[in-house]
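Hi everyone, thanks for coming. I'd like to walk you through a structure that may be new to you, so let's put it on the screen.

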Amino acid sequence: MLFQFIRRLSTSPLTRVRHPKLRRSTHYATLTDKDVNFFENLLPRGSVITNPDDCAPYNIDWIKTCQGQSQLVLRPKTVKEVQAILRYCHEHQLAVCPQSGNTGLAGGSVPVFDEIVLSFTSMNSIGDFDENSGVLTTDAGCILQTLDTHVRKFGHTMPIDLGAKGSCLIGGNVATNAGGLRVVRFGSLRSAVLGLEIVLADGSLLDCLTSLRKDNTGVDLKQPFIGSEGILGVITRVALACPLAMPGVGLGFFACSSFEQILSTMRLARRICGETLSAVEFLDESTYNLSLKNLKRAQSPIEPNKFYILIETMSSTEEHAKATLEKLANTALDKEFVTDGTLAQDLTQYQDLWAIRERVPEALVADGYVFKYDFSLPPSRMYKLVEETQQRMKPFSNVRNVTGFGHLGDQNLHLNITVKNGYSDEIKHELEPWLYEWVAKERGSVSAEHGLGLHKSKYLQLNKGEQSLVLMKQMKKMFDPKCILNPYKVLPYQID
Ligand SMILES: Cc1cc2nc3c(=O)[nH]c(=O)nc-3n(C[C@H](O)[C@H](O)[C@H](O)COP(=O)(O)OP(=O)(O)OC[C@H]3O[C@@H](n4cnc5c(N)ncnc54)[C@H](O)[C@@H]3O)c2cc1C
């Protein structure tokens with residue numbers, strides 16, 4: 001079975017080839033026909049995937065930086081099935097990779113070697129929405145966009161929005177504590193998660209599925225699972241506080257000649273738009289050009305410049321949302337913070353402008369192999385890092401673009417280096433650990449929102465003190481004593 005699999009996917013390098021120092025731990029059992037028979041008897045037809053071609057998409061991550069060799073994908077429909085799967089894996093020492101929409105960008109969502117993929121795509125029944133509290137309780141395998149469409153019927157919206165909303169699942173969002181486009185408005189996803197149902201590594205159920213907004217009864221046990229990327233337990237149901245959807249929305253898109261002017265515009269937006277501000281995003285020139293090319297738009301909607309800032313407002317009335325934005329546009333032009341700009345006049349223009357920002361990840365992948373970084377930095381230092389990286393990459397003729405964009409309102413920089421002719425070890429070594437150390441020196445975060453996954457696990461120590469690492473490892477041992485959940489990710493040397 002294994003040989004056939006390697007042959008079929010040989011065009012894209014395997015994770016174990018790209019990371020030769022990473023060894024499959026002998027601590028884990030190897031899958032047998034007996035194991036497969038067990039799962040076939042346990043789950044309904046169609047929920048057990050062993051055909052190598054059908055397993056392939058579950059082995060490769062969205063950005064194509066990782067490729068595992070799992071020969072078994074399980075797609076349970078109920079929590080009881082998830083419990084039985086994990087109980088068996090725990091007893092037989094089989095490693096498991098939890099997977100939701102597989103849009104993760106840190107190499108956490110696909111197996112490294114032959115871990116069994118536990119896919120949540122079939123656990124997708126939308127649960128109850130309580131109109132009095134605005135709380136949605138639902139299966140973890142529902143697509144974010146589907147949930148948003150659902151709660152909008154009640155005049156609410158999901159507390160998170162991101163470019164991958166059509167594919168990512170709410171359980172994956174919670175497992176990564178995903179950020180996205182509206183953290184400025186709604187805060188981090190963590191603050192909206194009221195309850196979780198979790199299956200622990202040994203199959204036991206941890207029921208923290210309260211839908212209460214207030215509950216100060218002892219230790220809040222769900223918290224460690226939010227953002228722990230599937231290494232402590234798997235999330236099967238979620239209760240979320242959903243904010244009211246605002247009927248009035250405004251969107252402005254402006255060009256600036258320098259990053260300092262971008263920051264001035266953001267500060268002005270905070271003052272003028274006040275409580276209506278709902279998103280502040282920025283793009284540099286190369287990101288912008290790549291995005292327009294990918295969208296096949298020959299013309300820029302505004303007079304081009306070196307930087308672009310997108311500002312969204314929301315209010316209970318359209319007039320208010322638009323009025324604050326207009327005032328911002330006029331003041332920013334008067335003060336010469338911006339050189340040109342446009343305000344969306346209708347839904348089509350609103351969607352067209354948002355697409356320039358939301359579809360950047362797609363544009364980067366179309367440009368070449370992407371070295372992708374996701375840092376939190378003090379705003380005044382954010383673009384300095386992009387400039388220094390551009391200098392550092394100058395000698396490399398295979399580098400296509402060094403671009404910076406991101407969630408400016410949250411001090412979150414996405415730095416990307418696109419390379420022609422695929423992955424390059426030489427470039428990776430020029431970038432790492434230099435970039436991570438640069439960020440640590442500024443007391444930034446080596447992962448603002450994407451998580452650590454496989455790619456960044458060894459840099460966790462740059463952000464967290466020794467005692468934090470000791471406690472994290474103790475927690476891992478407590479929740480998953482046999483280390484079967486998402487091995488080789490997040491915490492380096494989980495098994496030792
Ligand atoms: C175009 C694009 C735009 C993006 N924009 C953003 C953005 O703005 N902000 C942002 O934060 N991220 C962004 N991302 C990254 C990604 O979408 C998020 O990390 C998302 O939350 C992952 O959800 P998923 O369902 O795809 O999870 P997956 O990718 O399948 O899994 C992510 C991690 O969670 C674990 N996991 C998955 N499901 C469970 C579960 N039920 N229980 C326990 N562990 C689980 C996996 O093992 C893995 O470690 C973007 C990605 C793309 C492709």
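Let's begin with one pair of residues: Ser 376 stands opposite Asn 412, which belongs to S16. Before I go further, please keep in mind that this is a predicted model.

So where does that pair sit? Strand S16 covers residues 412-419 and is joined to S14 by eight bridges, with the two strands running antiparallel. Both are part of an open sheet of seven strands, and if you read across it, the order is S13-S10-S12-S11-S15-S16-S14, with antiparallel pairing. At the edges you'll find strand S13 (340-343) and strand S14 (369-376), each pairing on one side only. On average, neighbouring strands here are turned by 15° against each other, ignoring direction.

Now, which strands does helix H14 touch as it packs on this sheet? Helix H14, residues 360-367, touches strand S11 (277-284), S14, strand S15 (399-407) and S16, and its direction makes about 170° with that of S15. Helix H17, residues 434-441, packs on the sheet too, touching S14 and S16, and its direction makes about 10° with that of S14.

Let's move to another sheet. This one is open, with four strands in the order S1-S2-S4-S3 and mixed pairing. Strand S1 (48-49) and S3 each have a single partner strand, so one side of each has no neighbour in the sheet. Strand S2 (residues 73-74) and strand S4 (residues 116-119) pair in the parallel sense over two bridges, and Val 73 stands opposite Val 117 in S4. Lying across S2, S3 and S4 is helix H5, residues 79-92, which runs at about 160° to S4.

That leaves the ligand. How many residues surround it? There are 33, and the closest are Pro 98, Ser 100, Thr 103, Gly 104 and Leu 169. By class, this shell has 13 nonpolar, 18 polar and two charged residues. Strand S3 (96-99), helix H7 (170-176) and strand S9 (233-241) each supply at least two residues of the shell, and the largest share, four residues, comes from H7.

Let's look at some contacts. An N or O atom in the side chain of Thr 103 is 2.6 Å from an oxygen atom of the ligand, while a backbone N or O atom of Gly 108 lies 3.3 Å from a ligand oxygen atom. For Glu 449, an N or O atom in the side chain is 2.9 Å from a nitrogen atom of the ligand. Taken alone, the ligand exposes 970 Å², and the protein buries 96% of that.

Thanks for listening!

Technical notes:
Residues are numbered from 1 along each chain as its sequence is written. This is a predicted model: local features need pLDDT of at least 70, side-chain atom pairs count only at pLDDT 80 or more; totals for chains, interfaces and linings use all residues. Side-chain values use heavy atoms; hydrogens and water are left out. A residue is near a molecule or strand if one of its heavy atoms lies within 4 Å of it. A polar contact is a pair of N or O atoms within 3.5 Å; within protein, one must be able to donate a hydrogen and the other to accept it, and residues adjacent in sequence count only if both atoms are side-chain atoms. Accessible areas come from the Shrake-Rupley method with a 1.4 Å probe; for residues, only the protein chains shown count as cover. Ala, Val, Leu, Ile, Met, Phe, Trp, Tyr, Cys and Pro count as nonpolar, Asp, Glu, Lys and Arg as charged, and the others, Gly among them, as polar. Two strands pair if DSSP finds at least two bridges between them. Axes are lines fitted to C-alpha atoms, for helices over the stretch in contact, and angles run from 0 to 180 degrees between N-to-C directions. Contact means heavy atoms within 4.5 Å.
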